[in-house]
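Me: Could you walk me through this structure with a few questions and answers?

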There are 2 protein chains.
Amino acid sequence: MNEFELIGRLTCSLPTNKSVVVGAGDDCAVLDLGLPDRFLLFKTDAVVEGTHFTAATPPEQIGRKALARCLSDIGAMAGTPNSALITLALPRNFEPALVEKIYAGLGALARKYDVAIVGGETTFNPEKILISVALLGTALRGKCILRSGALAGDAVFVTGELGGSLEGKHLDFEPRLTEARWLADHFSLHAMIDVSDGLAGDLRHILKASKVGAELLATAIPISRSARLASKEESSAKTPLLAALTDGEDFELLFTVAGRDAVPLLDAWKQQFPKLKLSCIGKITAGEGVTIRDKEGVRPLTALGYVHFA
Amino acid sequence: MNEFELIGRLTCSLPTNKSVVVGAGDDCAVLDLGLPDRFLLFKTDAVVEGTHFTAATPPEQIGRKALARCLSDIGAMAGTPNSALITLALPRNFEPALVEKIYAGLGALARKYDVAIVGGETTFNPEKILISVALLGTALRGKCILRSGALAGDAVFVTGELGGSLEGKHLDFEPRLTEARWLADHFSLHAMIDVSDGLAGDLRHILKASKVGAELLATAIPISRSARLASKEESSAKTPLLAALTDGEDFELLFTVAGRDAVPLLDAWKQQFPKLKLSCIGKITAGEGVTIRDKEGVRPLTALGYVHFA
């Protein structure tokens, strides 16, 4: 049994109750607790030293990233964050200034999005820093966007530019909360996710949940400057396209709308968010899996090389 | 700056918003999201190998304890738990069976209290197992019991028996959810907390939040069999009374009601919960701090020896 089989088995047998609209398996859990117009969104996410940041990362940025990741998940459902609890697990004899700085980074981002920090705890963890954020939010009942609504013929969009996030963006990305709510307010989004595992992996999550396939257009994938530079500097690096498809930690929005909405959406977006790129990168197909169209023709995405599908 | 000064400083400067009824500093955060009759309760709690369990603890019991601690906090507000997210931080190369067993223990307790497990994540933590549970619950608006309502003249009650929990109870205690809701439904509770740090420490939390003092009656403190046995077996052990006051991890309810309600409450309790002890252990005073009355007279609690006030 590998990790994914394990998660699958666990997910099948989790206890549920009548308030659960969406349990494990989307960006956030969705709960109906009887609010007349809204669902609750519930999410936790942990960052661990050595995996999500290093011993050299400034503590303000560690705190900011811990919260921003959760905010990105609320964004991916077109939701509004409300309040957070923070669990800091720190080696014994930590410096109080370290905790203050983590909270400073976290608190500044919380204030920006009107998120209350309503408590949490500091506990001891041998060796490494771990921060877990639990976040509560809401989404309008008719405008909570899941992964499971993509339809054959949909256009696939992604915000921003992809790849090379570990060069810096993973510590100062802006969660796409404003953009996601604007999209849900003005267009009928069929499916949405935030790009955390990499475009290829996260698109797979949408396809699996929606039981469809996708064809991407290689020249339409927005590749970040960092990904282009990295590919020039190191002979062993991925190609820029592969980096954009697989690097992860981009925290951009990946979503689908009906094909007929694609052009009006691009036009309206340019008016609303002139500084943030929006790219139509392909279409949803009735088949299975992901193909990519480039000058060689249409091939399975895996033909490009290693593709991480976590 | 020590740990408590640090927490105090952090707590003062946390971002808040208009939905926050009670932020950091009670058993759970209390949020008003517009549900007509209820507040939301929001809580996280983490257990870490080496602090809350050992490498020899059966994984089912680790999972059960992780959830039960959070449920106990919901109980302390007279609330009803609704749904949980689980963060498992495990050393690399963990056995999938370990995760399944942790979830088995957690899931069985969740089912018992109709708590949905709506997701979470498994992440890597060097060396030790850490489990963080985020729990969402609700409480009736008029019956959400805080730490801050104790009044001079109140009677102080505690359920069950205290001390020696590490002999076993800390792994199989029953969160007092049913009892807490019955209490809040039938009596006007002024303040309540669950005993996790030890009776003396948790009583202090109520006194500080309520700006009052307390006088305990030494002979009324319910001492567990484990605490009595431990005191006999080891010459270095605390006295049974000191163990009951300071051991911690009892997860019983500590609460206050107006003095005139004390006898009716004891009578009604015996009818409702004949198998669970309820003890009136003292009274709330207008002063500061905790005194204890025993055959020597009335003395500050600290006169008994080391008392942990975390």
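Me: How many residues does the contact take from chain A and from chain B?

Reply: Happily! This is a predicted model, where local features need pLDDT of at least 70, side-chain atom pairs count only at pLDDT 80 or more, and totals for chains, interfaces and linings use all residues. Residues are numbered from 1 along each chain as its sequence is written, with chains lettered from A and ligands numbered from 1 in the order in which they are written. Taking residues as in contact if their C-beta atoms, placed from the backbone, lie within 7 Å, the contact takes from chain A 54 residues and from chain B 54 residues.

Me: Which element gives the most to the side of chain A that touches chain B?

Reply: Elements supplying at least two residues each include helix H1 (3-12), helix H3 (96-112) and strand E5 (116-124) of chain A. Helices (H or I, at least four residues) and strands (E, at least two) are DSSP runs, numbered from the N terminus. With 8 residues, the one giving the most is E5(A).

Me: Which strands are the edge strands of the open sheet in chain A?

Reply: The sheet has 7 strands in the order E8-E10-E7-E11-E9-E12-E13, with mixed pairing. Two strands pair if DSSP finds at least two bridges between them. Pairing on one side only, the edge strands are E8 (189-194) and E13 (297-300) of chain A.

Me: In what sense do strand E12 and E13(A) pair?

Reply: Strand E12 of chain A covers residues 290-294. Here A:Thr291 stands opposite A:Pro300 in E13(A). Over 4 bridges, the sense of the E12 and E13(A) pairing is antiparallel.

Key: Two residues are in contact if their C-beta atoms, placed from the backbone, lie within 7 Å.
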